[in-house]
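Here are some notes to read alongside the structure. Have a look at it, then work through the points one by one.

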Amino acid sequence: MSLIEQIGLRALRSFDPERAHGLALKALNTGLGPKGGPVTSDRLRVTLAGLDLPNPIGLAAGFDKNATALAALSQTAFGFLEVGAATPLPQPGNPRPRLFRLSEDQAAINRFGFNNDGMEAIGERLKGHRGIVGLNLGANKTSTDRAGDFARVIAHCGPHVEFATVNVSSPNTEKLRDLQGKAALAALLSGVIAANATEIPVFLKIAPDLTAEELADVAEVANGAGIAGLIATNTTLDRDGLHGPHKTETGGLSGQPLFEKSTRVLASLSGMTDLPIIGVGGVSSAEQAYQKIRAGATAVQLYTALVYGGISLAGEIAQGLDRLLERDGFGSVTEAVGTGRGDWT
């Protein structure tokens, strides 16, 4: 991390977390972020659901909700980006404050509630982007047909992205996680696939709080739904072992406390399906990205770690992962996928 980035991170922490997030996006758009584009090497290149990634380190949805910083983010070291979540209609989300730093735990709690500019505005910004960009699909809080909302967003924005993610695992929209049930999920995914006219890869993002039986049901539905892969996992409702003053806030917990739980879910899921999996949850170092890959992930994503490590962290993780693969004799990411799954199951 450069001295300028260190100073910038310290300054941002003096602001309310949501305001700091907005300022970080503005700083990127004024050219203060890293340059040079994705870190890559023969070992780091990987194919994910037909997408050729320069490296397997991705930016998770939520950082650039409204696709306002795509040009700047394409200059960073990330191998791929995911924006959103986008809903059919714009919505303000839940009342503020709705984002809380837990610095003692290297974590965050959010209850945003899919605040976004809506699919029409976001779709316009996605046109002509560089690199591999995906869109997280969401449903409006007041919708009477939430399953249909996902289909509407992919129909409108699908032609402008390389992949899409069905997000039924956010804890911040009431009863949204009910759509992870077997029958509801099968019907929802069928509608999304039918609306996917450009046939981009569709991923399903799951919660880390599923029981073993629920996880098996999700895997069964996913295996027969025609989707391209899975993302494990979203934020958790657990609060075990937290130390920060905001630990009792409602919402989804992300960051370091989620790493072990999300990785165990990832490893279990990888034993239930041959679909590629993106591992998310608590990744803040090359070693943790490597553990996700060895647990069964073809690629990983991060977001909360950027609050504490800065946007340059993506490049540090990619370079470190390259060294770890070389150290252990792997010629590629693909060779390493799943080789340590038994450590987590």
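1. Let's start with a pocket. The second largest pocket holds about 340 Å³ of space. Of the 21 residues lining that pocket, E18, H21, L25, N66 and N115 are the closest to its centre. A pocket here is an open set of points on a 1 Å grid over the protein atoms alone, where a 1.4 Å probe fits and protein lies on both sides within 12 Å along at least five of seven lines; lining residues have an atom within 4 Å of a point. Grid points are joined across faces, edges and corners, and the volume is the space filled by probe spheres set on them.

2. Before going on, keep in mind that this is a predicted model: local features need pLDDT of at least 70, side-chain atom pairs count only at pLDDT 80 or more, and totals for chains, interfaces and linings use all residues. Residues are numbered from 1 along each chain as its sequence is written, and side-chain values use heavy atoms, with hydrogens and water left out.

3. Next, helix 5, residues 146-157 (helices are DSSP runs of H or I, at least four residues, and strands are runs of E, at least two, numbered from the N terminus). Its 12 residues reach 17 Å from first C-alpha to last, close to the 16 Å expected at 1.5 Å a residue, where the expected span is 1.5 Å times one less than the number of residues. Among its buried residues are F150, V153 and I154; buried means under 20% relative accessible area, exposed over 50%, and partly exposed in between (1.4 Å probe, protein chains only). The buried residues of helix 5 pack against several elements, including strand 4 (80-86), strand 8 (163-167) and strand 9 (202-206).

4. How many aromatic pairs are there? The count comes to four, taking rings of Phe, Tyr and Trp (its six-membered ring) with centres within 6.5 Å; planes under 30 degrees apart are stacked, over 60 edge-to-face, the rest tilted. F63 and Y303 are edge-to-face, because their ring centres are 5.8 Å apart and their planes are at 90 degrees. These two sit 240 residues apart in the chain. F63 is buried at 7% relative accessible area, while Y303 is partly exposed at 22%.

5. F163 and F203 also pair edge-to-face, with centres 5.7 Å apart and planes at 80 degrees. F163 lies in strand 8 and F203 in strand 9, so the pair ties together parts 40 residues apart in sequence. Both are buried, and ring pairs link them with F80 into a cluster.

Technical notes
Contact = heavy atoms within 4.5 Å.
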